[in-house]
Amino acid sequence: MSLDISFIGILIGSIMASSVPLILAASGELITERSGVLNLGVEGMMIIGAISGFALMVITDNLFIAIVGSMFSGVIISLIFGFLTQSLLTNHVATGLALTIFGIGLSAMLGKNFVGIPGKEFPILFSSLRESIPFFGPILFGHSIVLYFAFALPFLTNYFLKKTKLGLVVRAVGDSPVSASNQGINVITVRYCCILYGGAMCGLAGAYLSLIYTPQWIENMTAGRGWIALALVVFATWSPIKVLIGALIFGGITILQLHMQAIGFRIPVQFLSALPYLMTIIVLVVISRDSRKIKLNTPTSLGRIFYKEK
Amino acid sequence: MIKIEKRNDVPMTLYFFTPFIAIILTILGGGIIFYILGFNPIEALKFYFITPISNLYGLSELLLKATPLCLIAIGLSFCFKSNNWNIGAEGQLTFGAIVGGGVALLFYNQEGFYILPLVILAGAIGGMIFALIPAILKTYFNTNEILVSLMLVYVSKLLLDYLVVGPWSNPEGFNFPETRQFSNSSRMPLLFEGLRIHAGIFLALAAVMLSWFILYKTYLGFQIKVSGLSLKTAKYAGFKGKTMILVVFMISGACAGLAGVGEITGPIGQLHRMISPDYGFTAIIVAFLGRLNPFGIIFASLVVALTYLGAETAQIFLQIPKYTGQVFQGMILFFLLASDYLLFFKVKILNLKKNELRH
């Protein structure tokens with residue numbers, strides 16, 4: 001196998017494509033967690049987004065409706081989580097797990113008649129530039145609009161959290177809901193919004209899989225990417241820019257596996273697949289040991305129920 | 001007008017009654033989903049909840065599936081009661097099955113009464129060691145046990161995948177991702193000829209009795225319950241928090257490991273990729289539905305096992321994917337958590353006119 005420069009360009013391009021669902025889902029979950037809510041339902045919301053996006057594409061033959069619809073269905077399904085955890089004050093961990101289990105089941109049920117239907121080609125942008133420029137062409141051009149959005153999202157998220165007033169509100173609610181509440185902020189409403197936003201992004205991440213990355217519907221097609229996205233948020237120590245870097249590393253590992261299998265490399269692929277999880281545990285240990293590092297970005301009230309006596 | 005008040009203490013009758021409300025609501029919800037999908041809801045629910053257990057074979061299958069769920073949930077109840085969020089039972093089950101299966105493979109061409117106890121012991125120790133990872137990281141590095149135990153699930157599944165594809169794969173197995181068949185001495189004895197229910201059920205029952213004894217009759221159980229109710233009180237009372245965290249994780253891991261070993265030495269008889277249909281995650285639902293009470297967990301494991309069986313029957317008769325079992329499992333937990341609201345809050349319906357007269 002020749003490792004020429006144009007091949008590396010194509011390789012980087014494919015790593016970027018495989019990291020998109022991780023970036024989208026993790027950026028959404030990051031906002032949710034920064035508001036103090038731990039939603040373990042990422043996998044469930046993604047798979048619901050995947051089936052509803054694909055089903056809408058088949059039914060309406062319109063990709064725009066499919067994409068928007070997948071985000072909308074992500075919002076609807078996360079509303080269940082929001083209602084339970086915020087209005088009925090249920091435990092975040094248990095509710096999130098229920099959401100994932102429910103989502104995987106429901107998607108298989110809804111997708112029964114969509115198995116085996118071929119997908120539609122998703123339009124890519126600047127396809128002529130992709131071919132004409134060596135190395136940079138396959139990296140920068142010839143991707144779907146969702147990919148460009150995904151790569152802008154961490155920067156937008158970072159700007160939102162650090163530079164806008166609303167971002168400050170989200171962080172305040174996540175770090176100290178009681179003081180935020182005393183400042184007149186409606187903690188529950190803010191958290192609802194962050195949960196629904198997370199749902200929309202996870203829905204989009206799922207639709208990216210079923211409409212763009214591998215355009216078809218397969219049961220359980222998210223295949224654990226939701227859990228990796230969840231790990232990614234921790235790996236990135238709740239910082240949006242590091243989510244982007246982490247997603248490229250984790251996405252890169254996936255692509256690397258395929259190529260290593262192809263050239264018959266000795267390291268078992270399973271060890272590479274386990275790396276994202278092991279790296280996340282190591283990062284967790286490192287940040288948890290040092291209380292200053294933990295204070296840096298970790299939402300202090302993560303996963304805790306907030307209840308205000310009326 | 002509706003007024004919501006916080007309760008001062010949780011009424012015990014309601015505490016054990018709400019799981020039944022959750023089950024009824026789940027069945028209603030399932031009926032609605034079947035109706036939307038174009039099935040006759042009554043008939044579909046009958047295929048789901050009655051057909052599977054209307055014969056002896058079905059009942060045996062119900063107990064077969066309830067066994068690992070019950071075992072794992074019993075273990076989890078120790079963790080959850082003391083506020084330790086071990087959600088990686090699936091990983092502990094897998095690792096227990098790997099260690100137990102490894103021992104069984106050592107004896108693949110031997111017979112002897114000592115083999116099965118060794119295999120079972122190895123499985124329990126495997127699960128225990130794997131559960132110690134999040135426990136040690138939590139106690140000594142202050143790491144979040146939810147995330148660590150969850151991540152380890154995928155690590156253990158990948159390890160199993162590596163073993164059955166690579167070093168442990170059956171040399172005469174035409175490259176199928178599975179190990180050799182275990183010898184008969186590594187298999188759980190069957191209870192009845194022709195049925196799959198095996199002696200593993202006694203392990204589950206023993207776990208129920210033992211956990212009841214530990215939780216309600218020993219000092220350790222008292223410590224666990226107090227720590228769950230109030231960490232401050234536990235500290236004030238001088239309980240050694242770190243040791244307790246390690247102990248509850250070890251109990252929980254050992255139970256999950258036993259469940260794993262029960263599966264591979266029971267119905268499966270070898271190691272392959274699909275040793276558990278997410279029993280480790282579903283057992284979390286069982287533990288909650290059973291109210292973390294040993295006897296409640298027996299009941300809950302039967303209910304949740306029925307959703308697995310029903311899904312298989314519905315797949316055959318209604319041609320719907322067997323993942324639908326998870327719809328029911330998810331709904332049970334949703335409704336249970338939602339109905340818990342009634343435990344902590346009193347919903348009062350006030351008569352507005354009377355109130356106005358009074359003021």
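**View 1. B:Phe192, an exposed residue in a loop.** B:Phe192 counts as exposed because just 10 C-beta neighbours sit inside 10 Å (exposed is 12 or fewer other C-beta atoms within 10 Å of a residue's own, buried is 20 or more, partly exposed is in between, and C-beta atoms are placed from the backbone). You'll find B:Phe192 in the loop of chain B that runs between helix H6 (145-165) and helix H7 (200-217); helices here are DSSP runs of H or I with at least four residues, strands are runs of E with at least two, and both are numbered from the N terminus. Look for B:Ser60 too: 132 residues away along the chain, yet its C-alpha atom is 9.2 Å from that of B:Phe192.

A quick word on what you're looking at: this is a predicted model, where local features need pLDDT of at least 70 and side-chain atom pairs count only at pLDDT 80 or more, while totals for chains, interfaces and linings use all residues. Residues are numbered from 1 along each chain as its sequence is written, and chains are lettered from A and ligands numbered from 1 in the order in which they are written.

**View 2. B:Ile284, a buried residue in helix H11 of chain B.** B:Ile284 is part of helix H11 (residues 279-289) of chain B. This one is buried because 25 other C-beta atoms lie within 10 Å. Leaving aside residues up to four places away in sequence, B:Ile284 touches A:Ala94, A:Leu97, B:Leu76 and B:Ile87 (contact means C-beta atoms, placed from the backbone, within 7 Å). The C-alpha atom of B:Leu69, 215 residues off along the chain, is 8.7 Å from that of B:Ile284.

**View 3. Where chain A meets chain B.** The contact brings together 36 residues from chain A and 39 residues from chain B. On the chain A side, helix H3 (63-87), helix H4 (92-110), helix H11 (225-235) and helix H13 (269-289) each chip in at least two residues. H4(A) gives the most, with twelve residues. Sorted by type, that side of chain A has 24 nonpolar, nine polar and three charged residues (nonpolar is Ala, Val, Leu, Ile, Met, Phe, Trp, Tyr, Cys and Pro; charged is Asp, Glu, Lys and Arg; polar is the others, Gly among them).

**View 4. Helix H4(A) on its own.** Of the 19 residues in H4(A), 18 are buried, so the helix is mostly covered. Its end C-alpha atoms are 26 Å apart, which agrees with the 27 Å expected for 19 residues at 1.5 Å a residue (the expected span is 1.5 Å times one less than the number of residues).

Note on methods. Two residues are in contact if their C-beta atoms, placed from the backbone, lie within 7 Å.
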